[in-house]
Amino acid sequence: TFSLTDWLYLKAGSVSVDAISTESLGTGSAYGNASLDGEMYGFGINQTTDNGVFFRVEYNVMDIDGVTLTSTTNSDNKVTLNGIDVESARASIGKSF
């Protein structure tokens, strides 16, 4: 997180997700696990009043790469997980004690 002003900030980071395959097919095909990597970035507003009440509004984007897995028993069988793109917004309000 990087503060641009007293109330505006940017954030960025890397994402790592493990895709674990537990599928059991009648054909005997099995697929291994994969580690997916990506990045996230966003910005937000943070304001705190003199009595400790705060509010935040934040917008984030996450982009995770896809992967293609090949069957461990038949190299002609492949499964593809497309990349995952996520946008999120969050608002919060609270009080510091």
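Among the elements of the chain, which has the lowest mean pLDDT and which the highest? Keep that in mind as we walk through a few close-up views of this predicted model.

**Figure 1. Confidence along the chain, with strands S6 and S4 as the two ends of the scale.** Here is the reply to our opening question: strand S6, covering residues 78–81, has the lowest mean pLDDT of the elements, at 88. Strand S4 has the highest, at 97. For the chain, the mean pLDDT is 92, and 100% of the residues reach 70 or more.

**Figure 2. The aromatic pair of Phe43 and Tyr59.** The structure holds one aromatic pair. Its partners are Phe43 and Tyr59, whose ring centres are 5.8 Å apart, with 50° between the planes. That geometry makes the pair tilted. Distant parts of the chain are linked here: Phe43 belongs to strand S3 (residues 34–48) and Tyr59 to strand S4 (residues 53–64), with the two residues 16 apart. Are these two residues buried, partly exposed or exposed? Phe43 counts as partly exposed because its relative accessibility is 42%, and Tyr59 counts as partly exposed because its value is 29%.

**Figure 3. Glu58 and its neighbours in strand S4.** Let us stay in strand S4, where Glu58 is also found. Glu58 has a relative accessible area of 7%, so this residue is buried; the cut-off for buried is under 20%. Which side chain does Glu58 join through a polar contact? The partner is Lys11, and the contact between the two side chains is 3.3 Å. Leaving aside residues up to four places away in sequence, Glu58 touches Tyr9, Lys11, Phe43, Gly44, Ser88, Ala89 and Arg90. You have already met Phe43 from that list as a member of the aromatic pair.

**Figure 4. Val17 in strand S2.** This view turns to strand S2, residues 8–19, which is the place of Val17. Val17 counts as partly exposed because its relative accessibility is 33%. Which residues does Val17 touch, not counting those up to four places away in sequence? They are Ala34, Ser35, Leu36 and Ile64. For a sense of scale, look across to Ser92: this residue is 75 residues from Val17 along the chain, and their C-alpha atoms are separated by 26 Å.

**Figure 5. Lys95 over the face of Phe97.** Our last stop is another aromatic residue, Phe97. What lies over the face of this ring? It is Lys95, at 6.0 Å from the ring centre.

Note on methods:
Residues are numbered from 1 along each chain as its sequence is written. This is a predicted model: local features need pLDDT of at least 70, side-chain atom pairs count only at pLDDT 80 or more; totals for chains, interfaces and linings use all residues. Side-chain values use heavy atoms; hydrogens and water are left out. Rings of Phe, Tyr and Trp (its six-membered ring) pair if their centres lie within 6.5 Å; planes under 30 degrees apart count as stacked, over 60 as edge-to-face and the rest as tilted. Helices (H or I, at least four residues) and strands (E, at least two) are DSSP runs, numbered from the N terminus. Buried means under 20% relative accessible area, exposed over 50%, partly exposed in between (1.4 Å probe, protein chains only). A charge sits over a ring if NZ of Lys or CZ of Arg is within 6 Å of the ring centre and within 35 degrees of the ring normal. pLDDT is the predictor's confidence in each residue, from 0 to 100. Contact means heavy atoms within 4.5 Å. A polar contact is a pair of N or O atoms within 3.5 Å; within protein, one must be able to donate a hydrogen and the other to accept it, and residues adjacent in sequence count only if both atoms are side-chain atoms.
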